[in-house]
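Dear colleague,

I am passing on the structure we spoke about, and it is placed just below so that you can have it open while reading. My notes come after it.

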Amino acid sequence: KTDSISKILSGLSGKAKVDKLNNLAEILVNSDPKKTKQFADEAMKLSQQLNYQEGIADAYHKTGIYYYYNDDYENALKNYNKSLSLAKDLNNKQLIAQALSWIGALYRIQSDFKNAESNLNEAITYAKEINDDARIVYCLRNLGEVNRVQQKNTEAISYFNQALVIAEKINDQHQQAYIYGAIGEVYRQQSDFTNALKNLNASTKKALSVNNKNLASNNYYSIGEIYLSESNYNKALEFLKQSLTLAKELKDNIRIADCYAAMGDVYRHQGDAENAEDYYKRSLSISTQISYLNTKSYAYFTLGMLKKTDGQNDLAMEYFNRSLGIAKDINDYWRISDCMNMIGDIYTARLNYEK
């Protein structure tokens, strides 16, 4: 809250104020991203006045976080790299590890898993040298996500459990919330909905206790997907709408695109093709704008499903091939399999048995 922030900053000056401004910039990104940019700008201005190079490097990073949460990955990476370059000049291992870890997270979102793993592992090397447990937790969690997205569930759970042990040791409630949510996602992918809900609810409880609206939105989305899998469509829409409300408040376009796609699924399963197509196209539009390739591929696939059901096989084939091309680019083997299966069905309908 504004009055609490004023109290935190009152009496601070010089480098101490810069450090607190940068700290607040990162803390507030989950609840008020606009303030992240405001505090990062203030930290940069004061650092330049003081010629405080570490403060400048950190402010570049916090500015990058702001762009990251606003889906402007180009400017996010540009600011992360400025921070990394200056941190290396200063030989500040904490700032180096910080920049590398967020660069790795950015590559993960873009499905560039090779560069994601490379940067995250390098960040861990620096973090271990200075016993930065919080950074190690962040990197291990992201490495878990890299493996989860590729359906390497055993490896994913291993990374998440390593991260959870350290997060509990340092009493990092934010990271514990994220990790429980991530473990819940693995169980959800395996259709173990009892354990999925157990972990997702534990994550949501912790997230709300620390005002992490971003994570709460993610969890509501996942719970909605579980109810969709169980054909409980009213419950599914209830949780997806809660997720969408928070995502719009935070301007989290990734989650908005996911929610629209999932709501399209609900309507498709209910036989409401008109609403389903509307929501899939909303998802496709946003995921295209921000280069969110997983959901972009999914939106094309589900649009293909609608057209195939409607007997519009030429248009369905076009959508499936677009989905397939993206899936191959990001090594999404589940989607590749789905697309090839649907394309095979269309060739069968055309009596082209060899194809």
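What follows is a walk through the cores, one helix, and a few individual residues.

Please keep in mind throughout that this is a predicted model.

I would begin with the nonpolar interior. The largest nonpolar core holds 106 residues, and the members that touch the most others are Phe39, Tyr68, Tyr80 and Ile179. Helix H6 supplies the largest share of this core, namely eleven residues. Apart from this core lies another, made of twelve residues, including Phe320, Ala327, Cys339 and Ile343. As background, nonpolar side chains in soluble globular proteins tend to be buried together.

Tyr80 gives a good view of how the main core is knit together, since, once neighbours within four places in sequence are set aside, Tyr80 is in contact with His61, Gly64, Ile65, Tyr68, Ala99, Trp102, Ile103 and Leu106.

Ser101 deserves a separate look. Ser101 sits in helix H6, which runs over residues 93–109, and counts as buried because its relative accessibility is 0%, below the 20% cut-off. What does the side chain of Ser101 reach? The partner is the backbone oxygen of Gln98, at 2.7 Å. When residues up to four places away in sequence are not counted, Ser101 touches Leu120, Ala123, Arg135, Tyr138 and Cys139.

Towards the start of the chain, Ile5 belongs to helix H1, residues 2–9, and is also buried, at 10% relative accessibility. Leaving out neighbours within four places in sequence, Ile5 is in contact with Leu24, Leu28, Lys35 and Phe39, the last of these being one of the residues that touch the most other members of the largest core. The C-alpha atoms of Ile5 and Leu21 are 9.7 Å apart, with their positions 16 residues apart along the chain.

The helix I would show you in detail is H18. Helix H18 covers residues 333–349, 17 in number, and spans 24 Å from its first C-alpha to its last, close to the 24 Å expected at 1.5 Å a residue. Which residues of H18 are buried? They are Arg335, Ile336, Cys339, Met342, Ile343, Ile346 and Tyr347. These residues lie on the same side of H18, because they cover an arc of only 145° around the axis. The general background is that an α-helix has 3.6 residues a turn, so residues three or four places apart point the same way. The buried residues of H18 pack against helix H16 (293–309) and helix H17 (313–329), whereas the face turned away from the buried side carries the exposed residues Tyr333 and Trp334. Two of the buried residues of H18, Cys339 and Ile343, are also among the members of the core of twelve residues.

Finally, there are two residues whose backbone you may wish to look at. Leu351, in the segment after H18, has a positive phi, near 65°, although Leu351 is a residue other than glycine. Leu351 counts as exposed, with 58% relative accessibility against a cut-off of over 50%. Asn91, likewise a residue other than glycine, has a positive phi near 55°. Asn91 is found in the loop between helix H5 (73–90) and H6, and is exposed, with a relative accessible area of 54%.

With best regards

Key
Residues numbered from 1 in each chain as written. Predicted model: local features only at pLDDT ≥ 70, side-chain atom pairs only at ≥ 80, totals over all residues. Heavy atoms only, no water. Helix = DSSP H or I, 4+ residues; strand = E, 2+ residues; numbered from the N terminus. Buried < 20%, exposed > 50% of the residue type's maximum accessible area, 1.4 Å probe, protein only. Polar contact = N/O pair within 3.5 Å; in protein donor to acceptor, adjacent residues only side chain to side chain. Contact = heavy atoms within 4.5 Å. Core = buried A, V, L, I, M, F, W, Y, C linked by side-chain atoms within 4.5 Å. Expected span 1.5 Å × (residues − 1). Arc of directions from axis to C-beta.
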